[in-house]
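Good morning, everyone, and thank you for making room for me in today's meeting. Please have the sequence and the structure open while I talk, so that you can find each residue as I name it.

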Amino acid sequence: MRAARCSTDANYNEDTWQTVLPYQGIQTVLGKEVRSSAEENLGRIVDGLVDQSGQVLAAVIDFGGFLGVGARRIVVDWKALHFAPADQRDRITLDLTRDQIRAAPEYKAGKPVIVLTAVPEM
């Protein structure tokens, strides 16, 4: 005899596979502030771009403006973002400067996407 499992989710059934993620190692990134390594405010992450397999390739950052007015959306390589350890959960830094972001072309849905990538140090 199997023990009954119950869930308040109407879509749950016993054939559903589940993974429990430890809360200490996880953070949400949407809406988080992004800073340069020189502590310049570069904006907030407003979207993520993924390929057909679901691999995250880039982040869309709302850059500039004041209270959303005059802001531009810029796309940066996901690998250029650095996420802080659990004790600094809201700290996300980017390997680009404010001037590099300012000079970048704006992201527009339905148009070719230009992704800013940090140049690796030699």
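I will go from the overall layout to the strands, then to the core, and finally to a few single residues.

Before anything else, please keep in mind that this is a predicted model, and that what I report has been computed from it.

Let me begin with the chain as a whole, which has one helix and seven strands. If you follow the protein chain from the N terminus, the elements come in the order β-β-β-β-β-β-α-β, with the helix placed between the sixth strand and the last one. Of the 122 residues in the protein chain, 23% are buried, and the chain exposes about 9300 Å², of which carbon and sulfur atoms supply 54%. When we look at contacts between residues at least 6 apart in sequence, 41% of them join residues at least 24 apart.

Now to the strands at the start of that order. Strand β1, residues 33-36, pairs with strand β2, residues 41-50, in the antiparallel sense, and three bridges hold this pairing. One place to look is Arg 35, which stands opposite Asn 41 in β2. The hairpin of β1 and β2 has four residues between the strands, and there Glu 39 takes a positive phi near 70°. Strand β2 is also joined to strand β3, residues 56-63, by six bridges, and these two strands again run antiparallel. Here Leu 49 stands opposite Ala 58 in β3, while in the hairpin between them, with its five residues between the strands, Gly 54 takes a positive phi near 95°.

Which residues have the most contacts inside the largest nonpolar core? That core has 18 residues, and the ones with the most contacts inside it are Val 34, Ile 45, Val 76, Leu 81, Leu 94 and Ile 101. Strands β2, β3, β4 and β6 each supply at least two residues of this core, and β3 gives the most, with three residues. If we take Val 34 from that list and leave aside residues up to four places away in sequence, it touches a number of others, including Ile 45, Ile 61, Leu 81 and Leu 94.

Is Ser 36, which is found in strand β1, buried or exposed? Its relative accessibility is 1%, and because buried means under 20%, Ser 36 counts as buried. Apart from residues up to four places away in sequence, Ser 36 touches Leu 42, Thr 93, Leu 94 and Leu 96.

Arg 73, found in strand β4, gives us another case, since it is partly exposed with a relative accessible area of 36%. Its contacts, again not counting residues up to four places away in sequence, include Val 46, Val 60, Asp 62 and Tyr 107. The C-alpha atoms of Arg 73 and Lys 108 are separated by 7.7 Å, although these residues are 35 residues apart along the chain.

My last stop is the aromatic rings, where the count comes to one aromatic pair. Trp 78 and Phe 83 form this pair, which is tilted, with 5.4 Å centre to centre and 40° between the planes. Trp 78 counts as partly exposed at 24% relative accessibility, and Phe 83 counts as partly exposed at 32%.

Thank you for listening, and I am happy to take questions.

How values were computed:
Residues are numbered from 1 along each chain as its sequence is written. This is a predicted model: local features need pLDDT of at least 70, side-chain atom pairs count only at pLDDT 80 or more; totals for chains, interfaces and linings use all residues. Side-chain values use heavy atoms; hydrogens and water are left out. Two strands pair if DSSP finds at least two bridges between them. Buried means under 20% relative accessible area, exposed over 50%, partly exposed in between (1.4 Å probe, protein chains only). Contact means heavy atoms within 4.5 Å. Rings of Phe, Tyr and Trp (its six-membered ring) pair if their centres lie within 6.5 Å; planes under 30 degrees apart count as stacked, over 60 as edge-to-face and the rest as tilted. A nonpolar core is a set of buried Ala, Val, Leu, Ile, Met, Phe, Trp, Tyr and Cys residues joined through side-chain atoms within 4.5 Å. Accessible areas come from the Shrake-Rupley method with a 1.4 Å probe; for residues, only the protein chains shown count as cover.
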